Amino acid sequence: MNPEDCKQQLNEFVQKLNPILNPLGFVFEVSGSGVASGGPFAAGFYVNGNKKIGLIYRSIAGFGSVNYEYLQTAVS
């Protein structure tokens with residue numbers, strides 16, 4: 001699997017979440033993709049003002065933890 005495959009997997013998941021999160025004002029933005037120590041990955045955030053919901057897909061493990069951010073606070 002390469003970073004493009006990871007982007008495709010992430011996009012498929014985002015399409016399932018859009019009907020739930022878009023009406024709440026969240027819009028998805030890809031934040032990056034590439035290869036890191038954990039292998040190929042793709043990541044992005046649903047953003048609504050100061051609120052963010054981060055998603056990552058890694059080729060080795062599938063979807064990683066979800067990160068929630070508000071202003072300067074983050075929880076995963």
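This is a short talk on how one helix and a set of strands fit together in one chain.

Thanks, everyone. One caution before the details: this is a predicted model. Let's go through it piece by piece.

Start with the helix. α1 covers residues 3–21. At its start, N2 does something specific. A side-chain oxygen of N2 reaches to within 2.9 Å of the backbone nitrogen of E4.

E4 has a second partner. It forms a salt bridge with K7, and the closest N and O atoms are 3.2 Å apart. Both E4 and K7 sit in helix α1, 3 residues apart, about one turn of the helix. Why does that spacing suit a pair? An α-helix has 3.6 residues a turn, so residues three or four places apart point the same way. Side chains of opposite charge can pair when their charged atoms come close. K7 itself is partly exposed, with a relative accessible area of 32%. How many salt bridges are there in the count? The count comes to 1.

Further along, the helix is not straight. α1 bends by about 30 degrees at Q15. A proline, P19, follows within four residues.

Which residues of α1 are buried? They are C6, L10, V14, N18 and L21. And what covers them? The cover includes β1, β2, β3 and β4. For orientation, β1 is 27–36 and β4 is 62–63.

That takes us to the core. The largest nonpolar core has 11 residues. Its members are C6, L10, V14, L21, F26, F28, A42, Y46, I53, L55 and Y57. Where do they come from? α1, β2 and β3 each supply at least two. The largest share, 4 residues, comes from α1.

Take L21 as one example. Setting aside neighbours within four places in sequence, L21 is in contact with F26, Y46 and I53. Those three partners are core members too.

Now the strands. I'll take them pair by pair.

β1 and β2 run antiparallel, joined by 9 bridges. One of the pairings puts S33 opposite A42 in β2. The two strands form a hairpin, with 2 residues between them.

Next, β2 to β3. β2 is residues 39–48, and β3 is 51–58. They also run antiparallel, with 8 bridges. Here the bridge partner of G44 is L55 in β3. This is a hairpin as well, again with 2 residues between the strands. G49, in the turn, has a positive phi of about 65 degrees.

Is β2 mostly covered or mostly open? Mostly covered. Of its 10 residues, 9 are buried.

Stay on β2 for a moment and look at N48, which is found in that strand. The side chain of N48 reaches the backbone oxygen of L24 at 2.9 Å. What else does N48 touch, leaving aside neighbours within four places in sequence? Its contacts are L24, G25 and F26. N48 and F26 are 22 residues apart along the chain, yet their C-alpha atoms are separated by 4.7 Å. F26, remember, is in the core.

Moving on to β3 and β5. β5 is residues 67–70. The two strands pair in the antiparallel sense, over 4 bridges. G54 has N67 as its bridge partner in β5.

Then β5 to β6. β6 is residues 73–75. The strands run antiparallel, and 3 bridges join them. Y68 pairs with V75 in β6. They form a hairpin with 2 residues between them.

One residue in that turn deserves a look: L71. Which loop holds L71? The loop between β5 and β6. L71 has a positive phi of about 55 degrees, although it is not a glycine. Is L71 buried or exposed? At 52% relative accessibility, L71 counts as exposed, because the cut-off is over 50%.

To recap. α1 gives the core its largest share, 4 residues. β1, β2, β3 and β4 are among the elements covering the buried residues of α1. β2 pairs with β1 over 9 bridges and with β3 over 8. β3 also pairs with β5, and β5 pairs with β6.

If you open the model, try three places. Look at the bend at Q15. Look at N48 reaching L24. And look at L71 in its loop.

That's it from me.

Notes: Residues are numbered from 1 along each chain as its sequence is written. This is a predicted model: local features need pLDDT of at least 70, side-chain atom pairs count only at pLDDT 80 or more; totals for chains, interfaces and linings use all residues. Side-chain values use heavy atoms; hydrogens and water are left out. A nonpolar core is a set of buried Ala, Val, Leu, Ile, Met, Phe, Trp, Tyr and Cys residues joined through side-chain atoms within 4.5 Å. Buried means under 20% relative accessible area, exposed over 50%, partly exposed in between (1.4 Å probe, protein chains only). Contact means heavy atoms within 4.5 Å. A polar contact is a pair of N or O atoms within 3.5 Å; within protein, one must be able to donate a hydrogen and the other to accept it, and residues adjacent in sequence count only if both atoms are side-chain atoms. A salt bridge is a side-chain nitrogen of Lys or Arg within 4 Å of a carboxyl oxygen of Asp or Glu. Two strands pair if DSSP finds at least two bridges between them. The bend at a residue is the angle between axes fitted to the seven residues ending there and the seven starting there.
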